[in-house]
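Q: I am new to this structure and would like a close look at a single part of it, with enough of the surroundings to see where that part belongs.

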Amino acid sequence: MNYKVILYQNENDTVGTLIHSSIPEMPKMQSSQTAVLTQSLNAIDTFVFSLGYDNPGYNLVTPMRSLIKIYDGKDLIFYGRVIKQNPIMDTSGLLYQTFTANSVEDFLHDSIQVQQTVSNCTIKQYLQAIITQHNSQVESYKKIILGTVDVSGSTVTRYLDYEDTFDSITNRLIDVYGGYITIDYNNGQPVLNYLTSVGVQNTTPLRLGFNMKSASKVVDPTSVVTRLIPTGDDISSDDDSSTTTDSSLTTDEQVVTPKTVLSNPNYVQDKDLEMEFGIHYGTENFSGVTDTTTLLSKAKAWMAKQSAATENWEIEVSNLHMIDKTVDDFKVGNQYQFVNDYVAPTEWLQVSEVDLDLVTPTNSTIKIGDASLTLSAYLAGKTRSEQNLHKKLSYLSQLSATQASTISKQASTISTLSDNYTSLSKTVQNIIDNNDVWISGNKFIDTSSNNESMSVSDFTTLYNSGVKGIMVKATEGTTYVNSLAASHLANANSAGIKTVGAYHFLIGGSTGTAQGQAFLAEIQSLGLSKTAIVACDIEDSSLSSDLATLNSMIADFYAVLTAAGYTNTCDYASASWFGGRFTSTAKYKWIASIGTSTKPSGADAWQYTWTYNGGNLDCSYSYNKAFI
């Protein structure tokens with residue numbers, strides 16, 4: 001089980017940013033806070049997660065516009081939008097943000113149904129009318145396709161009124177005809193299905209000693225009625241006083257219209273319920289009933305249908321599918337056999353909600369929807385629980401005899417897993433160090449003589465903070481050479497920070513060709529690889545304000561480098577200079593935008609701060625593998 005979470009800044013972001021992966025050394029969400037995906041039947045799935053300050057997605061979220069996708073391996077298991085953002089600094093000074101995302105069903109809250117008549121329609125045609133109205137009001141990425149509908153109903157005229165689309169589907173379809181609404185994510189555009197049943201009976205049991213960590217079952221009989229006093233319609237009276245509205249009458253003198261009622265006794269009794277729970281009176285009005293014979297019949301029918309109790313379950317499990325693929329995963333809608341006679345007799349339970357912990361994926365909590373119990377089912381369950389409890393007391397004594405051996409074997413297995421994990425971590429780190437895996441949002445710094453001498457220890461501190469690469473200033477104009485460039489590169493490399501490339505500070509007063517030749521001579525002296533980034537820093541006030549003149553100067557500068565084999569050219573400038581002062585034709589764009597919270601449009605790299613880690617140091621995010 002390899003969970004991967006990708007953040008998209010808005011609907012126009014087609015690349016996204018990796019903010020979490022189960023693979024070691026990849027970006028992670030904050031395990032100390034929360035990272036839980038809740039999947040539910042006939043409800044909007046939710047994903048609550050936290051990002052630390054060093055996570056590449058920390059400043060990229062815009063509530064109601066940013067989108068989230070969660071993959072389990074190659075399977076897309078969640079697609080939705082971020083709806084809430086909560087920046088936090090805890091008592092230890094730790095900075096992080098907690099976010100809440102809702103699945104795409106939440107888009108149905110963005111539209112309103114209008115009052116209309118849908119004549120002679122099937123349930124599918126009625127639902128299609130609802131979806132069509134939704135699609136006519138929302139942006140293209142929120143539109144939904146209607147898929148399979150197998151819930152049956154008569155072909156009749158149905159109606160719609162002014163109400164939220166999601167509420168309309170719930171109130172007018174699910175609450176009336178039953179069934180389940182599901183969403184398929186993997187076809188590009190969300191597909192909504194309306195199904196009679198979902199899920200299958202799963203071969204993986206919920207069993208004590210196997211995958212069950214805790215279980216609770218709440219049986220609630222508090223609403224049971226053992227003696228029902230039924231009433232029918234009002235009995236009409238010829239006595240004019242029966243309709244008086246004189247407000248001066250006292251309570252005792254108020255005239256009321258009598259109702260059709262039973263007498264001698266005036267209630268219907270369920271002796272079995274009363275024996276189990278005691279005497280509990282209730283009342284029910286049966287409108288339209290004007291005779292006691294019919295009233296008695298309806299009251300008995302009501303008592304017969306009454307539930308003796310409701311039950312609700314919550315079960316915490318270890319999701320063993322992650323370490324043993326022969327054990328099935330837990331899915332919403334599937335049924336699993338509950339086996340723990342200390343809590344309840346063995347029975348099949350349908351999962352109505354699953355809480356997945358993406359940081360510790362072996363931990364899950366599953367919930368079972370409320371179920372109504374007849375008296376016979378309630379009493380049978382009590383009897384079976386008592387019988388099974390006696391059997392299990394014997395089983396416990398046998399279990400304790402083998403527990404010591406089992407624990408010893410588990411300790412050996414854990415030791416082996418620990419060794420394997422250490423080996424895997426080293427392998428992954430080696431892959432990352434050799435640049436075989438690229439992660440969008442990696443950080444790199446750029447240095448000049450303004451940063452003065454920097455030791456290996458200085459760069460090691462930066463590496464541990466998340467810095468993966470370095471750009472150095474090599475030259476300025478035709479005469480200035482950065483004497484610290486070589487030592488910065490050497491010490492950074494010793495600390496594990498890779499060389500991204502070098503840059504030249506372009507000035508007016510000399511030609512682009514002359515400055516290109518000066519820069520080329522210095523990077524060759526530094527031994528800079530021809531695959532490195534060679535950047536031109538375009539920001540000096542001495543540069544020509546004429547667009548064509550500056551474009552020509554920059555082109556002459558790059559012509560010297562490409563002729564020498566340095567083809568990874570890169571323009572560096574503030575966001576306002578791109579397109580305003582010059583037209584970028586370099587292979588890459590390195591854009592400075594300080595104090596903003598989102599990546600500049602079109603940036604292959606974004607210089608987001610001049611004071612990284614509280615010092616006088618520039619730092620940038622990489623959005624192209626050519627950088628880091």
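At what angle do helix α8 and α9 pack, and how far apart are their axes?

A: The model is a predicted one, and in it helix α8 (residues 512-525) packs with α9 at an angle of about 35 degrees, the two axes lying 7 Å apart. As for the sense of the crossing, α8 passes α9 in a right-handed manner. The residues that α8 brings to this meeting are Gly512, Thr513, Gln515, Gly516, Gln517, Phe519, Leu520 and Ile523, and those they meet in α9 are Met553, Asp556, Phe557, Val560 and Leu561.

Ile523 leads from this helix pair into the interior of the chain. Apart from residues up to four places away in sequence, Ile523 touches Ala474, Ala502, Leu528, Val534, Leu561 and Tyr566; one of these, Leu561, belongs to the α9 side of the packing just described. Ile523 is also, together with Phe47 and Ile68, among the residues that touch the most other members of the largest nonpolar core, which has 71 residues. Helix α9, which spans residues 547-563, gives the most to this core, with 7 residues. A second core, separate from that one, has 36 residues and includes Ile6, Leu18, Tyr141 and Leu173.

For the wider setting, the protein chain holds 9 helices and 33 strands, and 44% of its 628 residues are buried. Among the contacts in the protein chain with a separation of 6 or more, 68% are between residues 24 or more positions apart.

One of the strands can serve as an example of burial. All 5 of the 5 residues of strand β25 (residues 443-447) are buried, so this strand is largely enclosed by the rest of the structure. The covering reaches both faces, since Lys443, Ile445 and Thr447 on one side are buried, as are Phe444 and Asp446 on the other. Strand β25 pairs with strand β26 (residues 467-476) in the parallel sense over 5 bridges, and there Phe444 stands opposite Gly469. Between these two strands the chain crosses through helix α6 (residues 456-464), and this β-α-β crossover is right-handed. With strand β33 (residues 618-622), on the other hand, β25 pairs in the antiparallel sense over 4 bridges, and Phe444 stands opposite Ser620 in that strand.

Elsewhere, an open sheet of 3 strands runs in the order β10-β14-β13, with mixed pairing. Its edge strands, each pairing on one side only, are β10 (145-149) and β13 (180-184), and the twist from one strand to the next averages 25 degrees. Within this sheet, β10 and β14 (residues 191-195) pair in the parallel sense over 3 bridges, and Leu146 has Leu192 in β14 as its bridge partner. Helix α1 (residues 123-135) packs on the sheet, where it touches β10 and β14, and its direction makes about 165 degrees with that of β10.

A loop residue completes the view. Gln9 lies in the loop between β1 (3-8) and β2 (17-21), and because its relative accessibility is 14%, Gln9 counts as buried. Once its neighbours within four places in sequence are set aside, Gln9 is in contact with Leu60, Arg65, Ser66, Thr598 and Lys599.

Key. Residues numbered from 1 in each chain as written. Predicted model: local features only at pLDDT ≥ 70, side-chain atom pairs only at ≥ 80, totals over all residues. Heavy atoms only, no water. Buried < 20%, exposed > 50% of the residue type's maximum accessible area, 1.4 Å probe, protein only. Pairing = 2+ DSSP bridges. Right-handed = clockwise from strand over helix to strand, strands pointing away. Core = buried A, V, L, I, M, F, W, Y, C linked by side-chain atoms within 4.5 Å. Contact = heavy atoms within 4.5 Å. Axes fitted to C-alpha atoms, helices over the stretch in contact; angles between N-to-C directions. Left-handed = near helix turned anticlockwise from the far one by under 90°.
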